[in-house]
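Student: Could you walk me through how to read the features of a protein model, one at a time?
Tutor: Gladly; let us put the model on the screen and begin.

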Amino acid sequence: MSEAQQGTGSIGRRLTLYLAIVAALLSLLSWGMVAGFARQAAEETQDNVLAAAVTAIAETLRSEQGELRLELPYSAFSMLGAISEDRVFYRVTANGALLTGYADLPVATDPNTRAGEVSFATQSYRGEDLRLATLSRRILAGNQPTLVIVTVGQTREGIAAIALDLSRQAGLLSIAFFLVAVLLSFFAARTSLRPLNEIAGAVSRRGPSDLRPLRRPAPDELAPLIAALNRFMDRLGQSIRRSEEFILEAAHRVRTPLATVRVQADLALRNASGEAERNRLRQMIRAIDESSRSAGQLLDHATVAFRADDLLRDHISLKSLAAQTATAMTPTASMKDINIDLKAEDIIVAGDAVLLDSALRNILDNAIKYSPEDTTISICVETKGGYGYITVRDEGTGLGDDPAEVLTQRFKRGRNTENIVGSGLGLTIAADVLAAHGGRLELSNNKEGKGTCASLVLPLL
């Protein structure tokens, strides 16, 4: 692959990759946020339940005959057990004296907490992290107010397990979101690039001579590309037209003096006395004839290029076309004692008579040039499969080993024709004419013997 054809990767794949990276970052961000919110929600739930438990215990304190009485409510501990299987510790003191619970249980202290409010803290107790809730209140016992401090603590394994489970679920949702986002990104990339692919397809489906401006709806981002492409095709068309005009003018200017030289060479040949001089003049005449034929083919090729863009669509009889062209080529064939045999059906097609005559004339000229003397060239006009066929068979050298696609290229000739002078334009002209008419040129070696079989295939009306 040349440097001009080397790609730098698929835009669709790159766009999908970029969108997938964005989706991955958003998935990670959403997972982190959800996991953080889940842990925060679990911790807030535990704090609320601890606050409710501390408040419930504090409300059961009462004074009887100057002594404080406490009955631990079952509901306070059942609330804690409802959210997890963690262990619960508690401590109740009055004026610093332990009423019940664990004497070494730390107390959650917060200097910013006002009296009657619950304060929270997380501390290590017996080798485990403990979430503590403490409530202090004053109760009148006898004639003296007593400061009562109630502390309830709960381990955090259950809350951590709940937060981890929520985090895993958030992770699964994030993965699902990422996969869906990748699929949507792939779909979005293909959909966004579809107009570009349609434009590329529209250009690739055109023939080599179709340089009309590209007119089709496209997104605003592609409008500069279409405008640049149209300007390029316009410049290319102008360049091709100038080249064809130059070839047309040059071929015309060459043919006129060649005709004069040909006449003078014929006169010289008639008046020549020596055999060596006659042979030199004959070689000169052959070279002049070949140059004239090449100039004529250059004219034909330029004519095809001009008329193909504005092709006529007249009703043409392939039988009449073949007969007229065969009659015009008969004198040339008679010089080699070649007989042209015509068998034709009356078939009507739509096309340009000048171009079709040029195509058939070049095929017959090749057949005559490459056929040996005293042979027959057959022309058969028939219909097959919805197409009209003009098939020309000769008894010449055949196509050799060269593929037909190569032989229809400009100035390309078969390796088995090196000893015969030619320009390599005849088959090119015929192929271009048929392509302009929606047909094709089929080339093959004769199945019945040596020689070439060339078929001009045209769609029927």
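**Reading the model together**

Tutor: The structure holds 0 disulfides, a disulfide being a pair of cysteine sulfur atoms within 2.5 Å. Before going on, note that this is a predicted model, where local features need pLDDT of at least 70, side-chain atom pairs count only at pLDDT 80 or more, and totals for chains, interfaces and linings use all residues. Residues are numbered from 1 along each chain as its sequence is written, and side-chain values use heavy atoms, with hydrogens and water left out.

Student: Why is Cys380 too far from the closest cysteine sulfur for a bond?

Tutor: The general idea is that a disulfide is a covalent bond between the sulfur atoms of two cysteines. Here the closest cysteine sulfur to that of Cys380 belongs to Cys453, and it lies 9.5 Å away, too far for a bond. Cys453 is accordingly in no disulfide.

Student: Is Cys453 buried or exposed?

Tutor: Cys453 counts as buried, at 9% relative accessibility. Cys380 is partly exposed, with a relative accessible area of 22%. The classes are buried for under 20% relative accessible area, exposed for over 50%, and partly exposed in between (1.4 Å probe, protein chains only).

Student: Let us turn to charges. How many salt bridges does the structure hold?

Tutor: The idea first: side chains of opposite charge can pair when their charged atoms come close. The structure holds 8 salt bridges, each a side-chain nitrogen of Lys or Arg within 4 Å of a carboxyl oxygen of Asp or Glu. One of them joins Glu43 and Arg39, with the closest N and O atoms 3.5 Å apart.

Student: Where are Glu43 and Arg39 placed in helix H1?

Tutor: They are 4 residues apart in helix H1, which separates them by about one helical turn. Helices (H or I, at least four residues) and strands (E, at least two) are DSSP runs, numbered from the N terminus. Glu43 is partly exposed, with a relative accessible area of 27%, and Arg39 is partly exposed too, at 38%.

Student: Which other side chain meets Glu43 in a salt bridge?

Tutor: That is Arg156, at 3.1 Å from N to O. Arg156 sits in the loop between strand E7 (144-155) and helix H3 (157-204), whereas Glu43 is in helix H1, so this pair ties together parts that are 113 residues apart in sequence. Arg156 is buried, at 16% relative accessible area. Through shared partners, salt bridges join Arg39, Glu43 and Arg156 into one network. Another salt bridge pairs Glu275 with Arg282, at 3.5 Å between the closest N and O atoms, and Arg282 is partly exposed at 33%.

Student: Now the sheets. What is the strand order in the open sheet with antiparallel pairing?

Tutor: A useful general idea is that in a regular strand the side chains alternate between the two faces of the sheet. This open sheet has 5 strands in the order E4-E3-E7-E6-E5, and two strands pair if DSSP finds at least two bridges between them. Strand E4 (97-101) and strand E5 (118-125) are at the edges with a single partner strand each, so one side of each has no neighbour in the sheet. The twist averages 25° from one strand to the next, with axes as lines fitted to C-alpha atoms, for helices over the stretch in contact, and angles running from 0 to 180 degrees between N-to-C directions. Strand E3 (residues 88-94) pairs with E4 over 4 antiparallel bridges, and Arg91 has Gly101 in E4 as its bridge partner.

Student: Which strands are the edge strands of the sheet with mixed pairing?

Tutor: That open sheet of 5 strands runs E9-E11-E12-E14-E13, and its edges are strand E9 (339-344) and strand E13 (440-445), each pairing on one side only. Its twist averages 15° from one strand to the next. Strand E14 (residues 452-459) is joined to E13 by 6 antiparallel bridges, with Arg440 partnered by Val457. Strand E12 (residues 387-393) and E14 also run antiparallel, with 7 bridges, and Val392 has Ala454 as its partner.

Student: Why is E14 largely enclosed by the rest of the structure?

Tutor: Because 7 of its 8 residues are buried.
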